[in-house]
Amino acid sequence: MKKILLVEPGAKHTVYPPIGLMHLAAVLRKDYDVSIIDYSGGEISHDVARKDILSINPDLVGVRVLTGPPIPRAILISKIAKELGKIVVWGGPHPTILPGQTLKEEYIDSVVIGEGEHTFLNLLRYYFHNKKEKLEGVGIKIEGKIKIFPASKHYVDLEKLPLPAWDIVKNLDKYFPNKRNNVLPISTTRGCAFKCGFCHNSNKNVKEYLGCYRIANPERAIKEYKFVQSLVKHKIEILDVGEDLHLVSEDYARRFCKTLRDSKLGLRWYTAARYQTLTKEIIEMMADSGCIRILLGVESGSERIQKMNNKVIDLKRAIDAASMLRRRKIFVTNAYIFGHPTESEAELNKTLEFIRKIPADENLIQLYRPMPGTPYFDICVEKNKFKVPEKLYEWGGFGVLGHDVNVSEIPTKVLFSAFYRTNAWQQIKYLFNQQRFYLRNRMIQQFFNNFMNNRFTFKLKEYLENK
Ligand code: B12
């Protein structure tokens, strides 16, 4: 049996289970001997990575890559794998958007674009069984030439997909370090039903190679929880089904809440939704079935920007929904972007007004960072607002504090000062509310850890490293 090693380079300061790779492994393991290494939450040294690859001695190394800090880590691993004579395949959001540029690097042999389950199996058959296999959804070097093959029409059916292969990840307990109230991140969707201007999901390749939006039956989340709980030492009591967007419609929200309540497992859960889904009835059901946290994207207070972004928010409705959520002790995070492309100072002021008006436990404010392949990115390029990286490694600083760009019409000094001033106050308020949330939900270890590892310390560490 051929050996496949899947590697998650991750980022140094965030421990997160390799969900995408576990999904792939679940499908591959019938025909291949699959291992996963997750480097998230730690340093990657040349020697350790080399030793890790040698000890498994795979025939092929697959790497999951996001734009930003994971890029230099992915490059390091891939160069070592190539030195050791392995076939190197990249997958995940970054190569999905830029397959051609990624393949220009000599240490990458092929990329899988979009959803990986079927296309990767197909690519492995090409490499190991039959070079005549009809390739789909991949970019590959054939006789030194880069070729990009159109998407497969064979999309994953989430009802038929085996559960992610949690059992082949080593040291699973590192993701659940607390004695109680551990949080299990669960992936229940593919793609997104919407098309927000700043988001990866609006990208042409993502739409084409990932296929239509799909959401799994809520029962799958319960099955996955039982499976993971059976593998780990500590108690998991919270499901994080946040993703890009979880409660996509009122009908699905009702089904999800009912499944959680009927399971009688007493699980609590986090989610992500849009304000228009949140009626009074839905909020009551959410609270009654254990929802304790929600992420909502407001993005901007300006109607023009909301339209440009494809996400119109009714202020009154948002205020009512946020108040109801908080009354039911659901922690509300409203996310905003400062410095949308073409945004004016008057429009930014409207956002500041929204922040003051919509109740929240956390206002998550980010400076807009152009992510490749999104509609917003194209506006920035058109308006010549920044230099597009020409080489793979140049994408490594994307999304990192200190690598900010101003693509709006707001004077840079005004934008940055509004961002840092508002954030300083909002982050202090959030830290306080977060600690109250931990106490309210009996998350005692998280409460103490959060004094040392919070947004302030995280951003500081990331900034110092990427200076
Ligand atoms: C959980 C999550 C996080 C977590 C954990 C990060 C992580 N390890 O993924 C946290 C909160 C830390 C995070 C942070 C950020 N995130 Co985030 N995050 C997600 C989220 C919601 C889920 C990831 C996931 O588990 N997906 C489910 C699995 C099944 O999908 P997948 O990993 O893509 O894998 C499939 C395919 O891509 C492919 N595949 C993947 N790897 C490989 C490898 C090989 C060899 C092959 C063949 C195939 C393959 O096959 C898989 C199965 O089909 C995604 C959105 C999403 N729905 O994916 C955003 C997403 C990945 N995040 C995104 C962004 C922008 C960020 C931030 C920059 C946000 C910010 N402004 O701060 C930060 C920084 C991240 C960083 N640079 O390190 C973007 C990435 C865009 C990009 N170009 O990279 C996404 C896509 C959101 C979006 N819609 O725009 N994020």
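**Close-up 1. Parallel strands around S11.** In this predicted model, asparagine 182 stands opposite isoleucine 236, a residue of strand S11. The two residues belong to a pairing in which strand S8 (residues 182-185) and strand S11 (residues 236-240) run in the parallel sense, joined over four bridges. Strand S11 also pairs with strand S12 (residues 268-273), again in parallel, and here three bridges join the two strands. Within this second pairing, isoleucine 238 has arginine 268 of S12 as its bridge partner. Between S11 and S12 the chain passes through helix H9 (residues 250-263), and the resulting β-α-β crossover is right-handed.

**Close-up 2. The two faces of strand S8.** The side chains of S8 alternate along the strand: Asn182 and Leu184 point to one face and are buried, whereas Val183 and Pro185 point to the other face and are not buried. Asn182, which stands opposite isoleucine 236 in S11, is thus shown here on the face that it shares with Leu184.

**Close-up 3. Helix H12 and its buried face.** Helix H12 (residues 315-327) consists of 13 residues and reaches 18 Å from its first C-alpha to its last, which is close to the 18 Å expected at 1.5 Å a residue. Its buried residues are Ala318, Ala321, Ala322, Met324 and Leu325. Seen down the axis of H12, these buried residues fall within an arc of 160 degrees, so they line one face of the helix. Lys316 and Arg327, on the other side of H12, are exposed. The elements against which the buried residues of H12 pack are helix H10 (280-288), strand S13 (291-299) and strand S14 (331-338). After H12 comes lysine 329, whose phi is positive, with a value near 65 degrees.

**Close-up 4. Helix H6 and what covers it.** At 1.5 Å a residue, the twelve residues of H6 should span 16 Å, and the end C-alpha atoms of the helix are 17 Å apart, which agrees. The buried residues of H6 are Glu117, Thr119, Phe120, Leu123 and Leu124. These residues cover an arc of only 165 degrees around the axis, which puts them on the same side of H6. Their cover includes helix H1 and strand S4, together with strand S5 (110-112) and strand S6 (138-142).

**Close-up 5. The shell around the ligand.** Of the 36 residues around the ligand, the ones that come nearest are Gly20, Gly62, Gly91, Gly116 and His200. At least two residues of the shell are supplied by each of helix H1 (19-28), strand S3 (60-64), strand S4 (87-91), helix H4 (93-97) and helix H6 (117-128). The largest share of this shell comes from H1, which contributes four residues.

**Close-up 6. Leucine 210 and its contacts.** Leucine 210 lies in helix H7 (residues 204-210) and counts as buried, because it has 24 C-beta neighbours inside 10 Å, where 20 or more are required. When its neighbours within four places in sequence are left aside, leucine 210 is in contact with Gly114, Glu115, Arg190 and Gly191. The last of these, glycine 191, is 19 residues away from leucine 210 along the chain, and the C-alpha atoms of the two residues are separated by 6.5 Å.

**Close-up 7. Two loop residues with positive phi.** Asparagine 57 is found in the loop between helix H2 (46-56) and strand S3, and its phi, near 50 degrees, is a positive value in a residue other than glycine. With 10 C-beta neighbours inside 10 Å, asparagine 57 counts as exposed. Arginine 442 is found in the loop between helix H15 (412-440) and helix H16 (444-452), and although arginine 442 is not a glycine, its phi is positive, at about 55 degrees. Arginine 442 is exposed, with 11 other C-beta atoms within 10 Å.

**Close-up 8. Arginine 455 in helix H17.** Arginine 455 has its place in helix H17 (residues 455-466) and is partly exposed, with 15 other C-beta atoms within 10 Å. Along the chain, arginine 455 and tyrosine 430 are 25 residues apart, and their C-alpha atoms are separated by 9.6 Å.

Notes. Residues are numbered from 1 along each chain as its sequence is written. This is a predicted model: local features need pLDDT of at least 70, side-chain atom pairs count only at pLDDT 80 or more; totals for chains, interfaces and linings use all residues. Two strands pair if DSSP finds at least two bridges between them. A crossover is right-handed if, with the strands pointing away from the viewer, the path from the first strand over the helix to the second runs clockwise. The expected span of a helix is 1.5 Å times one less than its number of residues. A residue is buried if 20 or more other C-beta atoms lie within 10 Å of its own, exposed if 12 or fewer, and partly exposed in between; C-beta atoms are placed from the backbone. The arc is that of the directions from the helix axis to the C-beta atoms. Two residues are in contact if their C-beta atoms, placed from the backbone, lie within 7 Å. A residue is near a molecule or strand if its C-beta atom, placed from the backbone, lies within 6 Å of it.
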